[in-house]
Amino acid sequence: MIVATHLRTQNWDDIAMRVHSVTPSRAYAAIHASHPDIDDFIAMVSPAAEPYLEIMAQRAKQLSRSRFGNTVSMFVPLYLSNLCANECTYCGFTMSNRIKRKTLTLEEVDQEAQAIKSMGFSNLLLVTGEHETKVGMAYFKETIPRLKRHFPYLMMEVQPLSTEHYRELKQLGINAVLVYQETYHARRYAQFHLRGNKQDFDWRLETSDRLGIAGMDKIGIGALLGLADWRTDSIMTALHASYLQKTYWRSRVSIAFPRLRPCAGGTGADTFTLTDRQLVQLICAHRILHPQAELSLSTRESAHFRDNVIPLGITSISAGSQTQPGGYSDTSTTALSQFDTEDNRPAADVAAALVKQGLEPVWTDWLAGYGKA
Ligand code: SF4
């Protein structure tokens, strides 16, 4: 069975009911389970587990250190284009927003690469809006080999593509592709995605299968926290991650925790909030269920929050991010940004904060260094 088929059999309302009927003793037992399963995860993200946050944090921290040592991998996003043919009500790049549109020329890509190199990064995340005709495979075939010369580990966050295109991207030098489902609740998904290919919920859900079949080294998943009830969306994410690990065991799994952020045009329809404590609870629950998964946190979160939560379970962070095309070589404006960032420290300051906590910032990917990637 493919991952997407498995996820389609899950009943959102049943899961939502289960998470709210967990008892405190069940939550406590889940945190201490020797081989936690999805039922334990449900208990750990339940309201009943909230009083046990400190115990969860201790277990998550211990698991992170024993699996990853003290390392935290550093990456930075490079926005290639803010063109987008979709209408998503929570994003500054949404088609109807009257912002200046820009796709980097090859010369501008080189300038951005140089600016990013001088910040110390070797791991790069390429980001675009979703515009298949203007920012599709033809553009990637020109830009990726150019960037690969400077960056041994390349990740991508672009529109869902076919298996064949993922195979091509892998050959071009892409090591990881991140495609977030935004929300696993199909009806709410429809409320936030009003126009364009992104309206196709199933095509997006099947993306990780296509990536697994294509043999991508790393597959990134996640929900945009705030579009629907975060507990149920996160349980779907956990099911997704577990099933991916079983089905496509040659690929690494990465889970991200983006919370909704203010953006040009506003977030649109009614949304849910997730408090800082709840986000910590969620990150710890994922670490306890998936000790080997990469857990990633972006600069959407504040410096204070990141400094406190990274030691508990986060193994990959972005730093020094600009969310507009051309933002590293020209930092004078944020007019084209996708969303507002909160942790605006220079990357070197973020790394220094990690060191202060006894962690080791890793600027390059070891697997790429050993020639696997
Ligand atoms: S979330 Fe992605 S697809 Fe939607 S408007 Fe933003 S860039 Fe486009």
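Trainee: What is the relative accessible area of Q58, and which class does that put it in?
Mentor: A word first: this is a predicted model, where local features need pLDDT of at least 70, side-chain atom pairs count only at pLDDT 80 or more, and totals for chains, interfaces and linings use all residues. Residues are numbered from 1 along each chain as its sequence is written, and side-chain values use heavy atoms, leaving out hydrogens and water. Buried means under 20% relative accessible area, exposed over 50%, and partly exposed in between (1.4 Å probe, protein chains only). With a relative accessible area of 45%, Q58 is therefore partly exposed.

Trainee: In which helix is Q58 found?
Mentor: Helices (H or I, at least four residues) and strands (E, at least two) are DSSP runs, numbered from the N terminus. The run from 53 to 68 includes Q58, and its name is α5.

Trainee: How far apart in space are Q58 and S296, C-alpha to C-alpha?
Mentor: Along the sequence, these two residues are 238 residues apart. In space, the C-alpha separation of Q58 and S296 is 19 Å.

Trainee: What covers the buried residues of α14?
Mentor: Helix α14 runs over residues 303–313, and its buried residues are F305, R306, V309, I310, P311, L312 and G313. Contact means heavy atoms within 4.5 Å. The cover includes β1, α13, β9, β10, α15 and the helix that holds Q58, α5.

Trainee: How many residues of α12 are buried?
Mentor: Helix α12 covers residues 230–247, and the expected span of a helix is 1.5 Å times one less than its number of residues. Its 18 residues should span 26 Å, and the end C-alpha atoms are 25 Å apart, so the two agree. The helix is mostly covered, and of its 18 residues the buried number is 15.

Trainee: Which residues does D209 touch, beyond those up to four places away in sequence?
Mentor: D209 lies in helix α11, residues 207–214. Its relative accessibility is 3%, so D209 counts as buried. Leaving out residues up to four places away, its contacts are I2, V3, A4 and Y248.

Trainee: What is the relative accessible area of Y166?
Mentor: Y166 is part of helix α8, residues 163–172. Beyond four places in sequence, its contacts include V177, R210, L211 and M216. Y166 counts as buried because its relative accessible area is 0%.

Trainee: E182 is not a glycine, but what is its phi?
Mentor: E182 sits in the loop between β5 and α9. It is buried, with a relative accessible area of 9%. Its phi is positive, at about 70 degrees.

Trainee: How do the residues around the ligand divide?
Mentor: A residue counts as near if one of its heavy atoms lies within 4 Å, and those around the ligand include C84, Y90, F93, E130 and K198. Ala, Val, Leu, Ile, Met, Phe, Trp, Tyr, Cys and Pro count as nonpolar, Asp, Glu, Lys and Arg as charged, and the others, Gly among them, as polar. The shell divides into 5 nonpolar, 4 polar and 2 charged.

Trainee: What is the radius of gyration of the protein?
Mentor: The protein has 16 helices and 11 strands. The radius of gyration is taken over C-alpha atoms, and the globule rule is 2.2 Å times the number of residues to the power 0.38. For 373 residues the rule gives 21 Å, and the protein is as compact as a globular protein of that length because its own value is close to that, at 19 Å.
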